[in-house]
Amino acid sequence: MQITELTATYFPAVIRLANQIHGDNYLSPAGLEQMQQQGITGGINASFVALDAQQQVIGYRLSFAAGQWQPDQWCSQTLWPVDAAKMAYFKSVGVSQTQRGKGIASALLNTSVAALRRQGAAAGLAHIWRESPGNAAQRYFSNAGATLVKVHPQRWRHLSETVGYQCPVCGALCNCSAAEMVLLFPEAKHHV
């Protein structure tokens, strides 16, 4: 396995994989391009893909640089351990079903954290899909050291209503909840 920066070369494969895992209309070319740009600051890209020996995409991690994403109603800023200006955002991760359980998601996360730290972030926030099979997403992020901030019911329903997102669990109207979780980066200091 090889991990490399996400570039436009990999967009079609990442979109296919993400939509297969997370549901139809989860990612689009224009949306992915914007997300990739949100992960770059100071010439450092915080979004990555994992490639197999044949150079095929088997996983991806989309991360936004601190200051390049907008907290919304599902962000509990008063509960965060660092200032919003130092908070990166873990937008999405996916690993091909045949490659799961091999440490690919963890390797992508660690690579992204290293890039985000070089960018100046102190922590990363994620909205974890609680209805993932066996709640594997929350277990994975907890095992990485993240802590739960708050649970948000129906976190992705608005995407079903506005852009036609098709949830792999709920179908046309997503009722899944999100675990708002924070991962403090090594050597990051809490604000008082």
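**Notes on two pockets**

1. Start with β6 (87-95): this strand gives the largest pocket the largest share of its lining, seven residues. Strands here are DSSP runs of E with at least two residues, helices are runs of H or I with at least four, and both are numbered from the N terminus. Keep in mind that this is a predicted model, where local features need pLDDT of at least 70, side-chain atom pairs count only at pLDDT 80 or more, and totals for chains, interfaces and linings use all residues. Residues are numbered from 1 along each chain as its sequence is written, and side-chain values use heavy atoms, with hydrogens and water left out.

2. How much space lies in the largest pocket? About 940 Å³. A pocket is an open set of points on a 1 Å grid over the protein atoms alone, where a 1.4 Å probe fits, with protein on both sides within 12 Å along at least five of seven lines; lining residues have an atom within 4 Å of a point. The volume is the space filled by probe spheres set on the points, which are joined across faces, edges and corners.

3. The largest pocket is lined by 40 residues, and Ile21, His22, Val93, Ser132 and Ala137 are the closest to its centre. Among the elements giving two or more residues to this lining are α1 (11-22) and α4 (136-143).

4. The second largest pocket holds about 520 Å³ of space. Its lining has 23 residues, with Met35, Phe64, Lys91, Arg155 and Leu159 closest to the centre. Here α2 supplies the largest share, four residues.
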